[in-house]
Amino acid sequence: MNGIKLRGTGRAVPTGVVTNDDLARRMDTSDEWITSRTGIKRRYRCAAETHTDLCVRAAKAALERAGVSPADIGACIVATVTPDTVVPSAACMLQRELGLPQDIPCFDLNAACTGFVYALHTMECLLNASPRRFGLVVGAEALSRIVDWTDRSTCILFGDGAGAAVVECREDWPSIGAVLGSRGDDELLRLPGLGMGEANFLSMEGTKVFKFAVEAVPACIDAVLDKAGMTAEDVDFFVFHQANARIIDLAVRKYRIPPEKYYKNIENYGNTAAASVPLVLSELEEQGRIGPGSRMLVVAFGGGLTWGGAMIEFA
Ligand code: UT7
């Protein structure tokens, strides 16, 4: 299979910000508890913005950075669990707003927090069968709409935002070697569908999800390294889904990853589910910490349950 590489990334956040102190004024929690248990200090919350606005802004920034015209995009995937409308999909609305070609597939993908990694793999497959070389992959969430703002065990964790990547597929590039998995479980992490007669809020068994994550992350890293025929030392940068700083710290310790080879931005965003990985990629690209030649191992996990990893590079 021909492989994809990143051409450019972008991101967008809404104007609303909720700090730990804001939450502590509303419920029985504290900045100290949230910071020490999760690493989160603040999160963004959509005010006047829609999910579509975030997708459009992130995608435009990625196209600009990539120097790619919307007319050259061969497929568009939005990884999300919180689109403005289930139908039309967020990807179809993005197609309209950006003026992407009409003879290309545009669809949303739900793999919860693993969505962006699933979408990268799906895009690689699609571009292998497309006459166009470029693809647009977005991870976007408006999670503030589906958290119960009276439940201190979940509302402190999640935030809104969007990240996007323009990718290119070429014959002489290796596949990203994605490793994806899932295990159906409707108790640990659950967001009921429309018309199910249940409150439309996200619920989570936090401690059990934490245990799942600390096993899934290294299992994923090992599987990606194995598939790529590499060791952890061969990796230039580890890009972790930002669900909890403690989950990242455990992986960092296990693989003895030096500080210059990984990144945490959870402090400023909270857990933004499918947007988490591309938000990290976009900040790192802007800071010049990753770029052409960087071999990056991305790893994510989340509801479903789902997990996934891949070895990605910039063109
Ligand atoms: O991206 C997808 C997946 N999501 C995750 O990866 C989340 C994984 N899980 C976690 O990050 C952690 O489990 C949490 C941060 C959600 C919770 O941390 P924990 O160390 O597992 O805490 P806990 O749920 O066991 O709760 C410990 C105590 C409880 O009180 P008691 O029963 O010991 O008296 C909770 O009621 O902390 C209490 N608690 C809080 N206290 C202050 C729960 N939430 C809060 C809060 N503020 N916000």
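The shell around the ligand in this predicted model is a mix of residue kinds: 11 are nonpolar, eight are polar and four carry a charge. That makes 23 residues surrounding the ligand, and the closest of them are Thr-29, Arg-37, His-241, Asn-244 and Asn-271. A few polar pairs can be picked out. Arg-152 places a polar side-chain atom 2.9 Å from an oxygen atom of the ligand, while Gly-206 uses its backbone, with an N or O atom 3.0 Å from a ligand nitrogen. Right beside Gly-206 in the numbering comes Thr-207, whose side chain has an N or O atom 3.1 Å from an oxygen atom of the ligand. Taken on its own, the ligand has 960 Å² of accessible area, and the protein covers 72% of this.

As for where the shell comes from, α2 (31–38), α6 (206–228) and α7 (245–254) are the elements that each supply two or more residues. Helix α6 gives the most, with four.

That same helix also has a place against a sheet. α6 lies across β8, β11, β12 (296–302) and β13, and runs at about 35 degrees to β13. These strands belong to an open, four-stranded sheet with mixed pairing, in the order β8-β13-β12-β11. At its edges are β8 (179–182) and β11 (237–240), each of which pairs on one side only. From one strand to its neighbour, the average turn in this sheet is 10 degrees, ignoring direction. β8 and β13 (residues 306–312) run antiparallel and are joined by four bridges; one of the bridge pairs links Val-179 with Gly-309 in β13.

Then there is an open sheet of five strands, again with mixed pairing, ordered β1-β7-β6-β4-β5. Here β1 (3–12) and β5 (106–109) sit at the edges with a single partner strand each, so one side of each has no neighbour in the sheet. Neighbouring strands are turned by 20 degrees against each other on average, direction ignored. β4 (residues 73–79) and β5 run parallel, with four bridges between them, and Ala-79 has Leu-109 in β5 as its bridge partner.

Two helices pack on this five-stranded sheet. Helix α3 (residues 51–66) lies across β1, β4, β6 (134–142) and β7 (160–170), at about 125 degrees to β1. Helix α9 (residues 276–286) touches β1, β6 and β7, and its direction makes about 90 degrees with that of β1.

Note on methods: Residues numbered from 1 in each chain as written. Predicted model: local features only at pLDDT ≥ 70, side-chain atom pairs only at ≥ 80, totals over all residues. Heavy atoms only, no water. Pairing = 2+ DSSP bridges. Axes fitted to C-alpha atoms, helices over the stretch in contact; angles between N-to-C directions. Contact = heavy atoms within 4.5 Å. Near = heavy atom within 4 Å. Polar contact = N/O pair within 3.5 Å; in protein donor to acceptor, adjacent residues only side chain to side chain. Areas by Shrake-Rupley, 256 points an atom, 1.4 Å probe, with all protein chains shown as cover. Nonpolar A, V, L, I, M, F, W, Y, C, P; charged D, E, K, R; others polar.
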